[in-house]
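Please open the model in your viewer, with the sequence panel beside it, and keep the selection tool ready. The tour moves from one selection to the next and says at each stop what is to be found there.

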Amino acid sequence: MRIIAGSARGIRLGPVPDGVRPTSDRVREAIFNSLGQFFDGGEVLDLYAGTGAVGMEALSRGCERAVFVEKNGRAARTVVENLERAGFGERGEVVRGDVGEVVERLVEGGRVFRLIFADPPYRISPRESGSILERLEALLTPSGRLVVEGSQPPAYSTERLKGASRRYGGTVVTFLERIQPTMKIAICPGSFDPVTAGHVDIIRRAAAIYDHVVVAVGANLKKRPRLSAEERARLIEKVMSDLENVSVEVMEGLLVNFAREQGARVVVKGLRAGSDFESEFQQVQLNRRLYPEFETVFIMAAAEHSFLSSSAVREIANYGGSVRGLVPEEILEIVQRLYVREDAQAAVGGDKG
Ligand code: PNS
């Protein structure tokens, strides 16, 4: 077995360990011809890696990094040796473990790959490989490709992947990609503790640009919020109920994972004074590392909202002051009541004006 093309072209790989059924050079060549031959960066995931020949072919042809997953210890060592042989020691990571479990960990870690190869042993049940395939969708970049080998086309049921199978002798190779959603969905994330008139302005303006806006209410925040995520979400639902293309969801984990689940690659945020810029800039960079196709779009706050914040609303309401004009009128009374301190409540005698 050898690397067919690219920077490591012609390099011979080590002997195939017992029990491994490697993809033949002919099938590998056919796969890369179908994929468009060469790449410019991006990560590749080689599942049931065997000798690692497929992932290494992708590295040789321009992919930046590769993760190889292999359960068999002897085969995993062969992948490490082959990486060294091809001069890819620094660009490959070999994970020894059960593919289903490793895939779950990669999904939880928010990893994404431009190319994913899966060559499950013919003895694993179509049901098992089918359920792994459904999970792999979450690991693909929006334009990423998933290549599955087998003796027959894989059994999977997902509405989000489309593809075609080709037969090369006894091997069936299925090429899958995401069905690109035609709807442009944007996420408006935030703590919303509580939602302010400034937030509502940004959400409404986003809803006028995008087909659908999902307001994502952060559940796990650095600072403990006054209200639970569900309560904060209900307040937003109350003020956005007139817009059909706005929905409100609680967001448990990372923003990038939430966006992927929602089929969105755009986040819309409001930008007030320059002081917002630094933390927003940092978040944009981090999110782009986790999800390269992810874009953050900023809408400038209206002048009358440029000094408005949830913390200012909390502070004023806390001491029983009026937040009229700072939060939407529909939730004014409830915000005054929920955010007032108990002793302040007594001092203002329940008068929320
Ligand atoms: O209104 P806020 O406090 O600016 O909102 C912050 C929020 C919820 C948008 C942010 O904390 C977030 O995105 N949390 C989800 C967890 C996450 O993805 N963190 C990494 C961001 S770099």
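The stops below begin at the ligand and then turn to a hairpin and to two points of backbone geometry.

Bear in mind throughout that this is a predicted model.

**The ligand and its shell**

Begin by selecting the ligand, which sits in the largest pocket. Then add the residues around the ligand, namely P189, G190, S191, L221, M251, G253, L254, L255, Q283, L286 and N287. Taken alone, the ligand exposes 540 Å², and the protein buries 70% of that area. If you colour the shell by residue class, you will find six nonpolar residues, five polar residues and no charged residue.

Next, show the secondary structure, and select β8 (185–190) together with α9 (275–290), which are the elements that give two or more residues to the shell around the ligand. Of these, α9 provides the largest share of the shell, with three residues.

Which atoms of S191 and L255 should you pick for distances to the ligand? For S191, choose a polar side-chain atom, which lies 2.4 Å from an oxygen atom of the ligand. For L255, choose instead a polar backbone atom, since the contact listed here is one of 2.8 Å between that backbone atom and an oxygen atom of the ligand.

**The loop after β8**

Staying with β8, move on to the loop between this strand and α6 (197–209), where P194 lies. Select D193 along with P194, and look at the peptide bond that joins them, which is cis, with omega at about 0°.

**The hairpin of β6 and β7**

Now select residues 161–168, which form strand β6, and residues 171–178, which form strand β7; the two strands pair in the antiparallel sense over eight bridges. At the turn end of your selection, display Y168, which stands opposite T171 in β7. The hairpin has two residues between its strands, and in it G169 takes a positive phi near 60°.

**A last stop at Q37**

Finally, go to the loop between α1 (25–35) and β1 (43–47), and select Q37, which lies there. Although Q37 is not a glycine, this residue has a positive phi of about 70°. As background to this stop and to the cis bond visited earlier, most residues other than glycine have a negative phi, and most peptide bonds are trans.

Notes. Residues numbered from 1 in each chain as written. Predicted model: local features only at pLDDT ≥ 70, side-chain atom pairs only at ≥ 80, totals over all residues. Heavy atoms only, no water. Near = heavy atom within 4 Å. Polar contact = N/O pair within 3.5 Å; in protein donor to acceptor, adjacent residues only side chain to side chain. Areas by Shrake-Rupley, 256 points an atom, 1.4 Å probe, with all protein chains shown as cover. 1 Å grid on protein atoms, 1.4 Å probe; cavity = no way out; pocket = protein on both sides within 12 Å on 5 of 7 lines; lining within 4 Å. Sits in = over half its atoms within 2 Å of the grid points. Helix = DSSP H or I, 4+ residues; strand = E, 2+ residues; numbered from the N terminus. Nonpolar A, V, L, I, M, F, W, Y, C, P; charged D, E, K, R; others polar. Pairing = 2+ DSSP bridges.
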